Amino acid sequence: MDKVVFGFLGTTLDAGFNASRWERWRPTVSLCQQEDVLVHKLVLFHGGGKGDLLKLVTADIKRVSPDTIVESALMQIEDPWDFVEVYSALHDFVRRYAFDTSEYEYLVHITTGTHVAQICLFLLTEARYFPAKLLQTSPPRRGGFPETGEVAVVDLDLSQYNQLATRFEEERQEDLSFLKFGIATKNASFNRTIEEIEQVALRSQTPILLTGPTGAGKSFLARRIYELKKAKHQLQGDFIDVNCATLRGDGAMSSLFGHVKGSFTGALQARAGYLKAADDGLLFLDEIGELGLDEQAMLLKAIEEKRFFPMGGDREVESHFQLIAGTHRDLAQDVRNGRFREDLFARINTWLYTLPGLKDRREDIEPNLDFELDRIANQLGKKIRFNSDAKKIYLQYAMAGTTLWAGNFRQLSASLLRMATLADGGRIDVQAVELELQRLQQRNQHHASDSSLAVAELQHPHWLALKENIDSFDQVQLAYVIQVCLSSHSLSDAGRSLFERSRKEKKMSNDADRLRKYLAKFELNFAQIKEW
């Protein structure tokens, strides 16, 4: 098929008005001298200010390639370095141009024009606005012919582009590993969550809400997101980590939004506040559900408008921060109970991710051991490792379905720290593990008894009425199910805990549906239980 080439007139590279111009490499003219690329038509973009050069280049092309049709295309571009202006002009052109891919092969010459023009040509070709391949010309190598140079054709739909895509995917896998601290996690649900968080973190400035039990790693992940975005030059400011559970009364307002001097008794100096400190950085509000309603109202304004009033101030302060919020609470239920503002919940709930507790990621316990031990080694100043038998015994207990891990990864880290501190010669042996398992079992029993007591002391009228109409056997079983529901973040979370062993024997399972049907036998549902 005949070839049609689109390209910009090179006001510098194509220039030259005397006879010596034939001794120089001129990309647009040399393009039409290539034996391997016979150009039927050359559509030459220009800004209208180089009429003499356009005429000369056109005449030189006629001289070296008489059969090539040169068609000039005037681009209404005042500033060739303005991306929006250049892209818009080229976009308007391709929308009007009558492409006929059945008759012609189209090429886009990206050697001439400003860097902005070359980028715009690439993007429009990649997006298939130009149904074309890229064409790049370059000066001849030493000993070549000055007037011809070299030419390369790049098909963005074929292997060369796939190689680039492979490189991008490798970089993305590096980012995913970074978010997971380089730990080769095996939990499929957690890995899918991290994959989407990586995409959202690098493509959006919208607030992210991380939920999950205490100790599941929300603050660690928030800091890692910040470090990733800063490494990609998306943030310049600091990471500000705020535990909202520690903020109370006027101190909460002052801590978050700052105050002016003299705004209240004891305000001897002005204070910027956490939101201002996070300007151009990332603000992590852990346990955001603990904020009072007044603080929630001011926070909503700060998120939406990037402006807020410090306490006692009459001038607004600006702060452009990325927000990540964390909570172990069910904020949707808190909204229904009037404890959390519905408008703020809607604003921070665009991207909601639930981090599972350790009991729901037992397959990730082993890969976390070495990571935690390396971290503890830096803390203690000595290298720590398990004996093989000791590690086997510890993992057997840690991964057992009866081990609650109420404190999640924080509890696992504390357990390893205790053993590492007492380890002689940096080796955790069987005796050290057995002593630690005694400690963990005591805590496990204490937590289980506390949970059972909570169910036993439950005085909700629905439960008391229900007990009167069911057998003692069903009471005991249902009491345990209610206990699990009360300590679980969601219906699926509770289902995974209750049916963990049977799930492993099935190819497909729906734990949430099994639990839903069980509760329905007693005219109960998960939402009702969470309100008790």
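1. Before the helix pairs, a word on angles: an axis here is a line fitted to C-alpha atoms, for helices over the stretch in contact, and angles run from 0 to 180 degrees between N-to-C directions. With that in mind, take helix H6 (residues 188-203) and helix H7 (residues 218-231): their axes cross at roughly 45° and come within 10 Å. That angle makes H6 oblique to H7, because angles under 35 degrees would count as roughly parallel and 65 to 115 as roughly perpendicular. Do keep in mind that this is a predicted model.

2. Staying with this pair, the crossing of H6 and H7 is right-handed. H6 brings Ile194, Ile197, Glu198, Ala201 and Leu202 to the contact, while H7 brings Leu221, Ile225, Leu228 and Lys229. By class, that gives seven nonpolar residues, two charged and no polar.

3. Now for helix H3 (residues 83-96) and helix H4 (residues 115-126). Their axes lie 9 Å apart, and the packing angle is about 45°. So H3 is oblique to H4, and the crossing is right-handed.

4. Who makes the H3-H4 contact? From H3 come Phe83, Val86, Tyr87, Leu90 and His91; from H4, Val116, Ala117, Ile119, Cys120, Leu121, Leu123 and Leu124. The tally for this contact is 11 nonpolar, one polar and no charged residues.

5. On to the sheet. It is open, has six strands with mixed pairing, and reads S3-S2-S1-S4-S5-S6 in order. S3 and strand S6 (150-154) sit at the edges, each pairing on one side only. Ignoring direction, neighbouring strands are turned by 25° against each other on average.

6. At the S3 end of that order, strand S2 (residues 39-46) runs parallel to strand S3 (residues 69-74), and six bridges join them. If you want a spot to check in the viewer, try His46, whose bridge partner in S3 is Leu74. S2 also runs parallel to strand S1 (residues 2-8), again with six bridges. Gly7 is a handy marker there, standing opposite Leu44 in S2.

7. How do helices fit onto these strands? Helix H2 (residues 51-64) joins S2 and S3 in a right-handed β-α-β unit. H3, the helix that packs against H4 at about 45°, lies across S1, S2 and S3 and runs at about 140° to S2.

Methods: Residues are numbered from 1 along each chain as its sequence is written. This is a predicted model: local features need pLDDT of at least 70, side-chain atom pairs count only at pLDDT 80 or more; totals for chains, interfaces and linings use all residues. Side-chain values use heavy atoms; hydrogens and water are left out. Helices (H or I, at least four residues) and strands (E, at least two) are DSSP runs, numbered from the N terminus. Angles under 35 degrees count as roughly parallel, over 145 as roughly antiparallel, 65 to 115 as roughly perpendicular and the rest as oblique. A crossing is left-handed if the near helix is turned anticlockwise from the far one by less than a right angle, and right-handed if clockwise. Contact means heavy atoms within 4.5 Å. Ala, Val, Leu, Ile, Met, Phe, Trp, Tyr, Cys and Pro count as nonpolar, Asp, Glu, Lys and Arg as charged, and the others, Gly among them, as polar. Two strands pair if DSSP finds at least two bridges between them. A crossover is right-handed if, with the strands pointing away from the viewer, the path from the first strand over the helix to the second runs clockwise.
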